[in-house]
Amino acid sequence: MASSAVSDSGLPDFRQPPVDEVALSIQFPPIQGFNIQHYGLYWQRVRGEYPRFEVQQPIRNMMEQFGPTKVGHQIGFELLALPEIRGWYLDQSGNRLVQIQRDRFVLNWRKVMGNETYPRYPSMRESLKNEWDRFCEFLKSEKLERPMVNQCEVLYVNNVEYDKGWSSYGELDKVVATLATPRAKNRFLPPPERVSMQVIYRLAEDAGRLYVSVSPVIRARDAKEVLQMSLTARGAPKSSSNEDVFDWLDLGRRWVVRGFADFTTPEMHVVWGKQ
Amino acid sequence: MTAQAAATNLVEQTPVSHVRTYGGISANGAIPVDGIEPWRTEAIQKVIQFGALPENWDGRGGVAPAMAVRQKAFEYLMSVPSIGAPRIVPTSGGGFHFEWSVGPREIEIYIEPDCTVEALRVLDGMPMDDNLSMNVSALFHWLVSK
């Protein structure tokens, strides 16, 4: 999950991690007065670095709650009168993009060609800090409120290719450590054709949750079917200050990286070049 | 049969997409295929592969279907009943042509470069010039009816 060089923080590190995408997200209540025109005005500021723009459907507001309420509570858009969009600001390569909607700010890095090297978390963190500061400056110049951050999110998407340490879903226990139990003989069912699963963990001191999703997908860039293992850590920072927001993102990243190492088998760690 | 050869029906798709993506903050566009029949998976893979066609792939200035067209094709493939794989060919202008046949009946679907979807019913090799707007389920109900 970390990248090709030495570990930056003592966390598990791989020379050839299966990571395909990383996203860092900051969520807040909808910014009052932030309208369609602001997407264009903001693009004017960042167009030198992000020359491509796409309109996407907005994504739902997600809140981790504890106690008697449900896991991963969703807040819908149904009661909002304004048309909602999500803007994608993409760099020329398409590897890096900033996503903005009225209640979210996200920085993504993703593979497009397939041979790119993940630019390590410290670099992503620094980029997000710069982009977030620039966005807040933009809001200030438009006389809009500074967002009050209510959730942070760290997503790592890993593509585990077939025939690299395992070959079929009957051998999923070679990938997922929690399935690594002795196989019973004389079972009625054959090996599964496909498997998907989601496992949810609480972060220590109810700081949020870690969602681990395992599912077969068709990869959009090459039509190859792979096992996609995505890890999402989400929770509330102590406050809306930059320090607390980035402290939480660091915490979420630690859970994602250590969770990935824990969730997967030592045999696959060898395949991915664990250092 | 080409899109221009006979009148086609504008297809009304269901308003809610059946294509599941990871959604959320991911931007990698991967398509989950758990719970999807193998023919649909293979059809989606073909659609993706046609996105990599080189310029002038047919010697007539053909262009590869754009991402938006491929996305429309995914949505269509996920919305049709499970009656098996269609024949899938790209069109020179950057669209797709899907074709299903059951006995003497055929449905030809054209996903145009502007993402509109048109359909043509064919019976015993003859196009049906009915010009009716039909939704997906009505089209496929006609295909499998006796």
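## Helix α3 of chain A

In this predicted model, helix α3 of chain A covers residues 242-263, and because each of its 22 residues should contribute 1.5 Å, a span of 32 Å is expected, with which the 31 Å between its end C-alpha atoms agrees.

Buried positions in α3(A) are A:V245, A:W248, A:L249, A:L251, A:G252, A:R253, A:W255, A:V256, A:V257, A:G259, A:F260 and A:A261. The cover over these buried residues includes helix α2 (121-141) together with the strands β1, β8, β9 (197-202), β10 and β11, which belong to chain A as well.

## Strand β10 of chain A and its neighbours

Strand β10(A), which is part of the cover over α3(A), has nine of its ten residues buried, and it is therefore largely enclosed by the rest of the structure. Towards β9(A) the strand runs antiparallel, with six bridges joining the two, and within β10(A) the residue A:Y211 stands opposite A:I200. The hairpin that these two strands make has six residues between them, among which A:E205 takes a positive phi near 55°.

With β11(A), strand β10(A) is again antiparallel, here through ten bridges, and A:Q228 of β11(A) is the residue opposite A:S215. Six residues lie between β10(A) and β11(A) in their hairpin, and A:A223 in that turn has a positive phi of about 65°.

## The contact between chains A and B

Strand β10(A) also pairs across the chains, since two bridges link it in the antiparallel sense to strand β2 (residues 31-32) of chain B. In these bridges A:I218 has B:I31 as its partner, while A:V217 is matched with B:P32.

The contact as a whole draws 25 residues from chain A and 18 residues from chain B. On the side of chain A that touches chain B, at least two residues come from each of β1 (19-27), β6 (96-101), β7 (104-110), β8 (151-160), β10 (209-218) and β11 (225-235). Sorted by class, this side of chain A consists of eleven nonpolar, seven polar and seven charged residues.

## Chain B

Chain B contains three helices and eight strands, and read from the N terminus on, its elements follow the order β-β-α-α-β-β-β-β-β-β-α. Of its 146 residues, 31% count as buried. When contacts in chain B between residues at least 6 apart in sequence are considered, 61% of them join residues at least 24 apart.

Methods
Residues numbered from 1 in each chain as written. Chains lettered and ligands numbered in written order. Predicted model: local features only at pLDDT ≥ 70, side-chain atom pairs only at ≥ 80, totals over all residues. Contact = placed C-beta atoms within 7 Å. Helix = DSSP H or I, 4+ residues; strand = E, 2+ residues; numbered from the N terminus. Nonpolar A, V, L, I, M, F, W, Y, C, P; charged D, E, K, R; others polar. Pairing = 2+ DSSP bridges. Expected span 1.5 Å × (residues − 1). Buried ≥ 20, exposed ≤ 12 C-beta atoms within 10 Å, placed from the backbone.
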